[in-house]
Every structure is written in structure tokens, then in C-alpha cells.
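Here are my notes on the model you sent round. Have it open beside you as you read.

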Amino acid sequence: VTAIAALQAALAGEHAAIYGYSVIGGRFDADSGVVRLAIEAHSEHRAVRDALVEALLGREESPVPTEPGYELPAPVDGAAAARALGRLIEDRCGVLHAALVATAEGVERRLAAQALVDSAVRAVRWGAAPSAFPGVGAT
Amino acid sequence: VPAPPISRRLLLCATTAVLLSGCSDEPAAAPRSPATTGADPGSTTADPSPTTADPKPTAGGTDSPDTEVSADDPLVANAVAGALELAGAYTALVVRHPDTRRTTAPLRAHLLEHLAALGDDGRPTRPAPAARSRRRAVQAVVTAERAAAAARMEDAVAAASGDLARALASIAASHAQHAVELEEL
């Protein structure tokens, strides 16, 4: 896997994460804990997305666009489902960022490593058990 | 000088097929300092660094197949020392505050997994006693976990090997998760 492919894969994951959190954010009372977490996560994933876009543009690559829609694994019909979706999003993003860490260097690697750490932390906030090797172990 | 780094590296390859894929059968070229295989177990500093970090390859050997591994050895030693020290800190916490065991046992087990993946079979650092105040004792471990996360992050960025970088970044993420989990104690 080249660094460019890993950057694009991570960006595609961030697009999906942003979509997922916008779904959660739109379905619950604004003052619920789930929505507070989702809004925070949404904004953090947007920042990662922007940094990945910038990295790809810096390499004169066309950043992969967001899909017109995403299929959610399950309907987000309650707080438990929202938390499960949050854990899934962070797990998947963690795997993509870990792959980018292995192929990228310098500022791109730092971006990916920080994103991996942040995804792992959010996964725990969504109720995941801590893991010995987030993004790398069998998930 | 005996050559423990070789078996250590073999162990690394054997136990971490997922973590550190891509270990080659490269010959052991430059002899490496035994000081990079672990930190002083009596050290009580929060972020021990190898005492004789000498990542320079042997003279003129910049393209030797061992260069990358040698340059990364101090980073592995840092991670080992950090995990050993934290494992000791968890022991001290549980000795003083036994009711924290339930939450901390799985976290401490992760540290032993980190050590196994890093190819180390060292012993946890003999810990300083935990604070009498439960809140302060827990907070001390939170702070240590955060420091370990930050240190592994920096080492991941610095690593020559991409596979080691991924392993260290993942370990950093594990430390960061521990800090969050502990804060709920």
C-alpha cells in the first residue's frame, strides 16, 4: 500500500465518519449526551478530513470525494444503536489511520498517529472496552 | 558481549505477526549495545530514556540491512521501559487501593501484551508506593498513562520502520484509552 492510497483510504473513512455522526446528531434531543459526543466527534473528524485533503493536494493528488450516501449497518433508533455506530466508526477509522501510520512519514504520519489515538479515545467514550492494540489487533 | 538483541528480534517476529509484519531474515550485522535492551529497572523517572542511546549505524554502514532496526532500537527500549514502569505503578495502586483492581487488571494486562509484542520479558519496575488518597493515586497513574501516550506518539513519528511506527502509535492509543478509563474510577 502506498502512502497515497492510505491517505485516500483514510479520507474515505473520514467522509463516512462525518456522515455517520451527522445522522446521530440529527436524531436525538440536542442536549442528550449522545448528541454532545456526536457533535464533538463530528467536528474532530472534519478537522482530520481537512488535514487529509490538504495532504493529498500537497502531493498534487485529487482527494477522494464523499459518497452521495452511506449505508448504515443498523438503523440509529436509540441511544444504544447510536453508541454502537460511534464505536464502529471509530474502530474503522482507527484501522485506516494505523495503516497510514505504517506507510506515511513526517507530518502525514503524525497526523495519522494522532487520529488513531483520538479515535481510540472516542471509542472508549462510546463504551468500547480499552484494547492493547487499537487499530492493529483483531477488531 | 552476548547478543540478546538477536533472540529479542526473533521473538519480536514470532510473537507479533500482526503487529510487526514484515520481519525479514536479515543477518545480524552490527553488534548493538546491551544498554538498548531495557532501562534501569531501578529508575523512577516518569519517562526513562535509554542511558546510552546510540542509534548511529556502524561507520560506513549506512546502507547495511540492519541500519533501520538498529536506529529504532532505542525507541523499542523506551516503550519497554514505559510499560514496565506503568505495570509497576498499577501494582502500587492496587496494593494501596484494592478496590481499583477490577478496573485496572485488564489495563495492566494490556501493558504485558505490549511487552510481549516488543519482545521483552523484563520485570515490572519496583514501584514507589501509591498515594494514600485514592483520588490522587489514580490521578498519578492517569498522568503516567498520558505521558506514555505522548512519548510513544513522538517515537512513532521518529521511527525508521513503518511497522514499528504503527505498533508504537497503537500502543500510544492504548495508553490514551487507559487514561480515559481510569478517569471514571
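How many helices and strands does chain A have? Keep in mind throughout that this is a predicted model.

1. Overall fold of chain A. The count is four helices and zero strands, and reading along the sequence gives you α-α-α-α. The radius of gyration is 15 Å, close to the 14 Å from the globule rule for 139 residues, so chain A is as compact as a globular protein of that length. If you want a feel for the dimensions, the C-alpha trace spans about 40 × 35 × 25 Å along its principal axes.

2. Inside and outside of chain A. Of its 139 residues, 45% count as buried. Among contacts with a separation of 6 or more, 78% are between residues 24 or more positions apart. As for the outside, the accessible surface comes to about 6600 Å², and carbon and sulfur atoms make up 54% of that.

3. Charges on chain A. There are 12 positive side chains and 17 negative ones. The centres of these two sets lie 5 Å apart.

4. Aromatic pairs. Searching the whole structure, over all chains, turns up two of them. One is A:Tyr19 with A:Tyr70, a tilted pair with 5.2 Å from centre to centre and 40 degrees between the planes. It's a link between distant parts of the chain: A:Tyr19 belongs to helix α1 (residues 3-27), while A:Tyr70 is in the loop between α2 (33-58) and α3 (79-103), 51 residues apart. A:Tyr19 has a relative accessible area of 29%, so it counts as partly exposed.

5. The other pair. A:Tyr21 and A:Trp126 have ring centres 6.0 Å apart and planes at 15 degrees; pairs with planes under 30 degrees apart count as stacked, so this pair is stacked. Here too distant parts of the chain are linked, with A:Tyr21 in helix α1 and A:Trp126 in the segment after α4 (106-125), 105 residues apart. Both A:Tyr21 and A:Trp126 are buried.

6. A backbone angle to look at. A:Glu60 has a phi near 60 degrees, which is a positive value in a residue other than glycine. Most residues other than glycine have a negative phi. You'll find A:Glu60 in the loop between α2 and α3 of chain A. Is A:Glu60 buried or exposed? It is exposed, with a relative accessible area of 75%.

7. Over to chain B, starting with B:Ala87. This residue lies in helix α2 (residues 67-96) of chain B. Its relative accessibility is 0%, and because buried means under 20%, B:Ala87 counts as buried. Which residues is B:Ala87 in contact with, leaving aside its neighbours within four places in sequence? They are B:Arg108, B:Leu111 and B:Pro124. For a distance across chain B, the C-alpha atoms of B:Ala87 and B:Glu181 are separated by 16 Å, with their positions 94 residues apart along the chain.

8. A spot where chain B touches chain A. B:Ser170 sits in helix α5 (residues 162-183) of chain B, and with a relative accessible area of 0% it is buried. Setting aside neighbours within four places in sequence, B:Ser170 is in contact with A:Leu116, A:Ala132, A:Phe133, A:Pro134 and A:Val136. If you're browsing the model, pull up B:Ser170 together with those chain A residues.

Technical notes
Residues are numbered from 1 along each chain as its sequence is written. Chains are lettered from A and ligands numbered from 1 in the order in which they are written. This is a predicted model: local features need pLDDT of at least 70, side-chain atom pairs count only at pLDDT 80 or more; totals for chains, interfaces and linings use all residues. Side-chain values use heavy atoms; hydrogens and water are left out. Helices (H or I, at least four residues) and strands (E, at least two) are DSSP runs, numbered from the N terminus. The radius of gyration is taken over C-alpha atoms; the globule rule is 2.2 Å times the number of residues to the power 0.38. Buried means under 20% relative accessible area, exposed over 50%, partly exposed in between (1.4 Å probe, protein chains only). Contact means heavy atoms within 4.5 Å. Accessible areas come from the Shrake-Rupley method with a 1.4 Å probe; for residues, only the protein chains shown count as cover. Lys and Arg count as positive and Asp and Glu as negative; His and the chain ends are not counted. The place of a charge is taken as NZ of Lys, CZ of Arg, CG of Asp or CD of Glu. Rings of Phe, Tyr and Trp (its six-membered ring) pair if their centres lie within 6.5 Å; planes under 30 degrees apart count as stacked, over 60 as edge-to-face and the rest as tilted.
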